[in-house]
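Let's take a friendly walk through a protein model together. Have a look at the sequence and the structure below before reading on.

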Amino acid sequence: MKTSRTTLVKGTTLLSATLGLSFGFVALPSVAVQAPVPAAVPAKNGPITPDVKKHALGDKVRTTVQQAGPETKVVQDSSLPKDAAGKPVATPAKGTVDPTLEAGATTDTVVDLPATGNLVGVTWPGTTTMAAKATVAVRAQTAKGWQEWQELAIDAVKEQTTGKVTKYGTEPIWVDGATRVQVRVAASAKDLLKTASLAAVTSRETAADAQLTPTAVAGAANAAYVPSVISRAGWGANESLRKGCVPSVRETSKVVVVHHTAGQNSYTKAQSASIIRGIYAYDTGGLGWCDVAYNMIVDKYGQKFEGRFGGLSRPVKGAHADAFNNYTFGISILGNYDTTRVPEAGMSALKQGIAMRLSQFYIAPYGNTTLYSEYNGTTSKYPKGSAYYAKNIAAHRESSNTACPGRYLYPRMDELRDGAASLAGWNGTTFASPIYKRYVANGGADTYGPVHVGETSVGVGMQKTVFLGGTRIYNSWAGAKVIGPGIDNAWWRLGGQEAYGVPTTDERAASGGGWFSSFSRGVDIAQTRYGQISAISGSLRGYWYSTGGPSSSYMGLPTAPGARTTGGWSQTFERGMMFARYDGRVLRSEGALLKTYLGSGGPAGQLGMPTSQPVATVSGATQFFDGGAVRWNRTTGVTSISTR
C-alpha cells in the first residue's frame, strides 16, 4: 500500500488572495507553411565592372578652337542659363559666372588627346585655381566624326565630416565609342588644365542587356500604376564599386527633382543598361562618390532602372541636386533634351517613376515645400541656409544654375505633374490610399511624424507604411490598422502574414501596462512594459480572454513564448503561468503554489500537469496535479507537496 509523502517548503511568498484569474500567452503549436511556387527567373546581368581610364591633361598639347577641328557650337546645356543672345542670366541669390571663365568663345583653350570609351568626364583637385567657377565643355570623335561640344555641369566632392571640397568634377556624358576626346575651357580658366584628368569609361553591352526583365516594385497600392523596374542586380551593378559605402537614408522624402543625363540621344534600348553602368563607374571611380547620383533612371524607350543603393521605398540621399539632396528624390532620363524632344515612352516612364514616389510618401503633386540650402553649392542658386520654395515635382534648373532637364523637357513639367498625379491616385485633394486616410484622420505628421519608409506592398493583399516615429500602418481586407515597431518586428520574425494572418485591431494599451494587437489567424502578440514580446494562440488564448484578456486579466500579459511541455503546452505571464492539457482543459497556477510546483520539476516532474485551478481553503490554498497536490498555509507561509 502506497503512503502519502509530504514535503514542507518554508519562506515562500503569499498567494494572491483572489487566487484565480487570467493567464498569459499560450505556447503556440507549430504552423506549417506551404513553400511558395518559384517565380520565373528574370533576365539579368551578373556584377559588371566597366573599365575606367584616367588621362592627366597637364602634359597634353594645348591648342585653339580653330586648330582643334570643326568649330561646332557649344551646346550650353549644363552651366548658367543664357538669354536669346547667349548672355549669362543672373539668378536669385547668386550672380553669374564671369563670362571670361565660360567655354564658348573662339579664344578658348583646347586639349586634344586619344582616349577610347563610351562615357567621359573631367575631374580636378579642389585646390585648383578657379575650379569652382570655370566651366568645361567636352566633345568626342567617333567613327561618325566629331560630335558637338557639350558644356557640362560641375559638382563638388566633399568630405562627409568636414564638408571640405576635395575634388571637382563634371557630370559624365555618353559619347558612344570615342577614339579621341577634346576638353575645352575659357582662356582665363586654362590653369585648371594643369591638374585636371579625363576619365574615359568603357562600359560594354552584354547579351542580357537586350532582354532585361523588370520586376514589380513593392509599390503603393493606391497608385493606379505600380511600376516595374530593372533592379541594380538586373542592370549589373557591381556593388564592390561602392567600396563598402552605403548611401545615407534621410528622415523622409519631400520633393521629386527631374533631370536628364545629357550626352548623345542615339542610344539603343539595349545600350541603356551599359550607359547606367558607365555612369555608376564614373560617379564612384571618377568623382569618388558613394554611388550613382540618381535614385531612379529611365530611358527614352520607357525602361525604368533602380538607381542608388538602399531601395526605392526609402528616402535614400542622392547626389543629384547640389545643395538640396537631403529630402529630394532624383529621377533622370538618359539623353540630352536640350537638343531634342523627349519621346512619349520616355515621358511615360518619368510619370510612372514620379507617381511611385508621390504615392509612397504622400507627396501632393501640385504642392510646394520649403527646403533649405545645405551648403554653398557649386551650381546652387541658393547660399547655405537660404530657403528654396520648391515645387513638389521640380526641375533641376529651378534650384541650380543649369539648363537641366533641357529646353524641350522643361516646358512639359506640368504634363509630368498631371500624369504622375493620375497614376498616383490623387483626386485633387487627397490620395485614395486607406493608409493615407487613416494617417490623416489620426493627426498625420503631428501624431506619427512624416513617412519614413514609403507605402509598399507586403505579403498578399496587404500594404504597409512606416512613419518616422516608428509607427506602422497596415492595410488589408481587415482595414487600416496601426501597429508599433516592437509588435510589428515580432510578428514578422515569428512568420508574419503566413503564420499569423493580418492585423485585425490597432495596437492597444493593456490595462496593467504594455500593448497588444490581434491577428486574423487567432493570435495575439503582446509587449509588456518591460519590452518582453510574445504571441498567444489556441486554447491558451481562449482561456486568457475568458478571464479578461489584455484588458482586465489578473494574469497580465505573456512574458515569454509558449512552449510544448510534458502533457501539453505552457506559457508564462506577468503574474503566473497557464497550462493547456492534451485533454483540452486550460489551467493556471500562480504565486507560492506555482513556485513550489516548478521547484519540483513542473510538468516534467513527479506532479505532472495541473488538474485543477488553485482552490481557496480555510487554511490557505491548494492545487491538484496528475501526481499529487501542492498546499499553501496562509498562517505559516509554508507550502507542501503531497504525491500519490
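The report below goes from the whole chain to its core, a helix pair and three single residues.

**Ground rules**

This is a predicted model, in which local features need pLDDT of at least 70 and side-chain atom pairs count only at pLDDT 80 or more, while totals for chains, interfaces and linings use all residues. Residues are numbered from 1 along each chain as its sequence is written, and side-chain values use heavy atoms, with hydrogens and water left out.

**The whole chain**

The protein chain holds 12 helices and 37 strands. Both are DSSP runs numbered from the N terminus: helices are H or I with at least four residues, and strands are E with at least two. Of the chain's 644 residues, 57% count as buried. Buried means under 20% relative accessible area, exposed means over 50%, and partly exposed lies in between, using a 1.4 Å probe and protein chains only. A contact means heavy atoms within 4.5 Å. Among contacts in the chain with a separation of 6 or more, 67% are between residues 24 or more positions apart.

**The cores**

In soluble globular proteins, nonpolar side chains tend to be buried together. A nonpolar core is a set of buried Ala, Val, Leu, Ile, Met, Phe, Trp, Tyr and Cys residues joined through side-chain atoms within 4.5 Å. Here the largest one has 70 residues, and Ile331, Ile354 and Leu409 touch the most other members. Helix α4 (residues 344-361) gives this core its largest share, eight residues. A second, separate core has 29 residues, including Leu57, Val122, Tyr168 and Ile173.

What does Ile331 touch, not counting residues up to four places away in sequence? Its partners include Val256, Val257, Val258, Met296, Leu350 and Ile354.

**A pair of helices**

Helix α4 also meets helix α5 (residues 413-423): their axes come within 8 Å and cross at roughly 55°. That makes α4 oblique to α5. Axes are lines fitted to C-alpha atoms, for helices over the stretch in contact, and angles run from 0 to 180 degrees between N-to-C directions. Angles under 35 degrees count as roughly parallel, over 145 as roughly antiparallel, 65 to 115 as roughly perpendicular, and the rest as oblique. Among the residues that meet are Met347, Leu350 and Ile354 in α4, and Leu416, Gly419 and Leu423 in α5.

**Three residues to find**

Try locating these three in the structure.

| Residue | Place | Relative accessible area |
|---|---|---|
| His260 | strand β15 (residues 255-260) | 2%, buried |
| Tyr327 | loop between β17 (304-306) and β18 (328-333) | 22%, partly exposed |
| Pro434 | helix α6 (residues 434-441) | 39%, partly exposed |

The side chain of His260 reaches the backbone nitrogen of Tyr337 at 2.8 Å. A polar atom of the His260 side chain also lies 3.3 Å from the backbone oxygen of Pro405.

Which side chain does the side chain of Tyr327 meet in a polar contact? The partner is Glu251, at 3.0 Å. A polar contact is a pair of N or O atoms within 3.5 Å; within protein, one must be able to donate a hydrogen and the other to accept it, and residues adjacent in sequence count only if both atoms are side-chain atoms. Tyr327 also has its C-alpha atom 7.2 Å from that of Lys317, 10 residues apart along the chain.

Pro434 and Ala480 are 46 residues apart in sequence, with their C-alpha atoms 6.3 Å apart in space. Leaving aside neighbours within four places in sequence, Pro434 is in contact with Asn475 and Ala480.
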